[in-house]
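Me: I would like a close look at the sheet in this model, together with what packs on it and the charged pairs around it. Please keep the answer in one connected piece.

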Amino acid sequence: LPATVTLDAFSTEIGRQVSLLVETPIQPVRIQTASGPADQYAYQAPLNTSAAGTEVAAITQVLIVAPGRGYVLTFGTAPARAATDAPVFARIASSFALTP
């Protein structure tokens with residue numbers, strides 16, 4: 001990323017791209033990680049379509065920006081497990097630390 005890109009700008013662009021995939025606007029939640037503030041998106045997205053229907057995944061993405069770098073932590077699970085797995089994803093995301 002260019003050094004001037006902020007978390008807000010990075011998050012807006014990623015959110016726009018995800019909204020195209022899921023065909024609805026989604027809003028981030030600002031969270032705190034060991035590396036500082038991050039934006040978290042949680043949504044369900046289609047994986048593939050077959051004669052049996054469309055498979056869907058519950059996706060959680062955490063966006064972190066450091067000068068000149070952007071990181072996207074992506075977690076996926078079955079929609080039926082989303083509530084069960086969310087605390088694990090949150091612990092992993094909150095402990096994510098960038099090292100020099």
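Reply: The account below starts with the strands, then takes up the helices, the salt bridges and the largest pocket.

The model is a predicted one. Its sheet is open and has four strands, in the order β1-β2-β3-β4, with antiparallel pairing. The edges are formed by β1, residues 29-33, and β4, residues 69-77, and each of these strands pairs on one side only. On average, neighbouring strands of the sheet are turned by 40° against each other, with direction ignored.

At one edge, β1 runs antiparallel to β2, which covers residues 36-50, and five bridges join the two. Within this pairing, threonine 33 has glycine 36 of β2 opposite to it.

Helix α1, residues 7-22, packs on the sheet and touches β1, β2, β3 (53-66) and β4. The direction of α1 makes about 15° with that of β2. Helix α2, residues 82-95, also packs on the sheet, where its contacts are with β1, β3 and β4. The direction of α2 makes about 155° with that of β4.

At the other edge, nine bridges join β3 to β4, and these two strands run antiparallel. Alanine 58 stands opposite threonine 77, a residue of β4. The hairpin of β3 and β4 has two residues between the strands, and in this hairpin glycine 68 takes a positive phi near 80°.

Next come the charged side chains. Side chains of opposite charge can pair when their charged atoms come close. The count of salt bridges in the model is four.

One of them joins the side chains of glutamate 13 and arginine 16, at 2.6 Å from N to O. Both residues belong to helix α1 and lie three residues apart, about one turn of the helix. Glutamate 13 counts as partly exposed because its relative accessibility is 33%, and arginine 16 is likewise classed as partly exposed, at 44%.

Another salt bridge is formed by the side chains of arginine 30 and aspartate 39, with an N to O distance of 2.4 Å. Aspartate 39 has a relative accessible area of 4%, so this residue is buried. Arginine 30, at 46% relative accessibility, counts as partly exposed.

A further salt bridge brings together the side chains of aspartate 85 and arginine 81, at 2.6 Å from N to O. Aspartate 85 has 12% relative accessibility and therefore counts as buried, while arginine 81, with 43%, counts as partly exposed. Through salt bridges that share partners, Asp8, Arg30 and Asp39 are joined into one network.

The last feature is the largest pocket, which holds about 160 Å³ of space. Its lining includes Gln40, Ala42, Tyr43 and Gln44, along with Ala58, Ile59 and Thr60. Thr77, Ala82, Ala86, Phe89 and Ala90 are also among the lining residues. At least two residues of this lining come from each of β2, β3 and α2. Alanine 58 and threonine 77, which stand opposite each other, are both in the lining of the largest pocket.

Technical notes:
Residues are numbered from 1 along each chain as its sequence is written. This is a predicted model: local features need pLDDT of at least 70, side-chain atom pairs count only at pLDDT 80 or more; totals for chains, interfaces and linings use all residues. Side-chain values use heavy atoms; hydrogens and water are left out. Two strands pair if DSSP finds at least two bridges between them. Axes are lines fitted to C-alpha atoms, for helices over the stretch in contact, and angles run from 0 to 180 degrees between N-to-C directions. Contact means heavy atoms within 4.5 Å. Buried means under 20% relative accessible area, exposed over 50%, partly exposed in between (1.4 Å probe, protein chains only). On a 1 Å grid over the protein atoms alone, a cavity is a set of points where a 1.4 Å probe fits but cannot get out, and a pocket is an open set with protein on both sides within 12 Å along at least five of seven lines; lining residues have an atom within 4 Å of a point. Grid points are joined across faces, edges and corners, and a volume is the space filled by probe spheres set on the points.
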